[in-house]
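Me: Please take a close look at one part of this model for me. I would like the loops with unusual backbone geometry, and then whatever pocket there is.

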Amino acid sequence: MGYSVEGRLLEACSCAGPCPCWVGDDPDGGTCDGMLAYHYDKGEINGVDVSGLTLALLAHIPGNIFQGNWKVAVHVDKRATPQQKEAILAAHTGKLGGPLADLAPLIGEVLGVYDVPIEFTVKEGKGTIRVGDVVSAEMQPYTDSQGRPTKLVDSIFSTIPGSPAYLGKAMSYRVNLPKHNMQWEFNGRNAVLGQFRFEA
């Protein structure tokens with residue numbers, strides 16, 4: 001049946017800002033340790049209402065973004081029903097087509113899928129996320145002299161195709177998932193905030 005959803009994105013990674021992946025460059029240091037979180041403010045996937053739920057991906061990207069082979073640990077909002085979880089995963093694994101299907105082939109290995117409590121907050125352009133006891137991050141956008149968020153548009157890569165991204169900085173970004181060799185902590189590194197509308 002496809003999907004029609006609207007929501008917000010929070011993204012943080014190990015690179016210095018602005019994000020090199022979005023313009024097709026290699027990540028700083030050759031690899032990237034990143035986190036993507038999609039919060040659905042409203043919408044349906046395969047006829048299932050997913051409003052208020054969040055999906056968070058931890059990703060190790062071994063080289064240029066377009067070479068794929070990402071290793072990801074998937075975290076689904078603990079409040080999701082089995083039907084909601086199935087619908088969200090179907091969309092993000094590319095089974096339902098649309099813009100999310102363009103990102104799915106970049107994933108080479110899914111290390112695990114976990115149900116965890118997720119706190120996702122965006123207020124006055126600042127974002128915070130907490131994924132169980134695995135991820136915590138706090139970020140804010142860069143702005144111009146008038147205080148307006150710095151936008152990135154028409155980039156070669158995007159995690160929110162069709163929408164502008166707001167370039168930012170993660171004041172803190174911590175990950176602790178030792179079972180998958182995902183443990184890192186960065187301060188003052190790259191962040192991306194954005195809004196999305198996906199249809200398929």
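Reply: Start with Pro 18, which sits in the loop between strand 1 (3–13) and strand 2. The model is a predicted one. In it, the peptide bond from Gly 17 to Pro 18 is cis. Its omega is near -10°.

Next comes Asn 46. This residue is in the loop between strand 2 and strand 3 (48–49). Its phi is near 50°, a positive value in a residue other than glycine. Asn 46 has 30% relative accessibility, so it counts as partly exposed.

Asn 69 also has a positive phi, near 60°, and is not a glycine. Look for Asn 69 in the loop between strand 4 and strand 5. Asn 69 counts as exposed because its relative accessibility is 53%, and the cut-off for exposed is over 50%.

Now the pocket. The largest one has a volume of about 220 Å³. It is lined by 15 residues, and the closest to its centre are Leu 57, Val 74, His 92, Thr 93 and Ile 107. Several elements each give two or more residues to this lining: strand 2 (32–45), strand 4 (54–61), strand 5 (70–77), helix 1 (82–92), helix 2 (98–103) and strand 6 (107–116). Strand 6 supplies the largest share, three residues. By class, the lining of the largest pocket has 13 nonpolar residues and two polar ones. Charged residues are absent from that lining.

Key
Residues numbered from 1 in each chain as written. Predicted model: local features only at pLDDT ≥ 70, side-chain atom pairs only at ≥ 80, totals over all residues. Heavy atoms only, no water. 1 Å grid on protein atoms, 1.4 Å probe; cavity = no way out; pocket = protein on both sides within 12 Å on 5 of 7 lines; lining within 4 Å. Points joined across faces, edges and corners; volume = space filled by probe spheres on them. Helix = DSSP H or I, 4+ residues; strand = E, 2+ residues; numbered from the N terminus. Nonpolar A, V, L, I, M, F, W, Y, C, P; charged D, E, K, R; others polar. Buried < 20%, exposed > 50% of the residue type's maximum accessible area, 1.4 Å probe, protein only.
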